[in-house]
Amino acid sequence: MAGPRPVVLSGPSGAGKSTLLKRLLKEYEGVFGFSVSHTTRNPRPGESDGNDYHFVTRDAMQKGIDGGEFIEHAVFSGNLYGTSKAAVQAVQAMNQICILDIDMQGVKNMKKTDLNPIYVSIQPPSVEILEKRLRDRKTESEESLQKRLKAAIEDIEISKEPGLFDLVILNDDLEEAYSNLKGALEVEIKRTQTSESS
C-alpha cells in the first residue's frame, strides 16, 4: 500500500471524536482525507453521491461485501453502511492520511486487512459524563439515548482489550486529548509533509 498509514478513530457517540477531528483538519489542512463510505439508504436533502456517501443498491453492496471489497460494514436502522478498500486507497493515493471513523465491529474487521492503520480509541471520562453530553445535545429521544448509552458501555469495555488499540485517549480535558492525538499521528503527519516538499 502506497501512501501514509490510515488512522482508525473509534469510540462512543459523545466521546468527542468529531470535535477532535475538526481541530485536526483545521490545523493540518490538506494532510488528512476521509474515505467516502457506501450506504444503501437514500440520500438526505443536500447530500450528493460520491461526496457524502456512495449511494448504492443493496444488491450492489452485498456483491462487494461478498467479493471482499469492504474493510468493514454494518447494518444500521435497516440500511447497510461500509468502507471499501478502494475508498481508502483513493485517499492514500493523494498522499493524505485517511481517517476512518468506525465502530468496534469495524475495528475488528480492519485487523484482518493489510491496511496497517494506527488504531486510536477516544473514550469519555465516565458513562455519567457521556450521558450528560448526550442529554445536553437535546437531539435524542429517551429511548434512543438509552440505546446509545448501552452501546457506549459495551464500547468502553471492548476498548480495554489488550492490543486492540495503539492508543486509548480519555477525553477528560480537550486540550490534553488533542495533544495526545496529535502526538500519536506525528510521524505520519511529518511523512506527508516531507513528501510534499520533496
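The following dialogue considers the nonpolar cores and one sheet of a predicted model.

The model is predicted, with local features requiring pLDDT of at least 70 and side-chain atom pairs pLDDT 80 or more, while totals for chains, interfaces and linings use all residues. Residues are numbered from 1 along each chain as its sequence is written, and side-chain values use heavy atoms, without hydrogens and water.

Student: Which element gives the most residues to the largest nonpolar core?

Tutor: A nonpolar core is a set of buried Ala, Val, Leu, Ile, Met, Phe, Trp, Tyr and Cys residues joined through side-chain atoms within 4.5 Å, where buried means under 20% relative accessible area (1.4 Å probe, protein chains only). The largest such core has 20 residues. β1, α1, β7, β8 and α7 each supply at least two of its residues; helices (H or I, at least four residues) and strands (E, at least two) are DSSP runs numbered from the N terminus. With five residues, the leading contributor is α7.

Student: Which strands stand at the edges of the open sheet?

Tutor: The sheet has four strands in the order β4-β3-β6-β5, with mixed pairing; strands pair if DSSP finds at least two bridges between them. Each edge strand has a single partner, so one side of each lacks a neighbour in the sheet. These strands are β4 (54-55) and β5 (70-76).

Student: Which residue of β6 is the bridge partner of His38?

Tutor: Strand β3 (residues 38-39) pairs with strand β6 (residues 79-84) over two bridges in the antiparallel sense. In β6, the partner of His38 is Gly82.

Methods. Buried means under 20% relative accessible area, exposed over 50%, partly exposed in between (1.4 Å probe, protein chains only).
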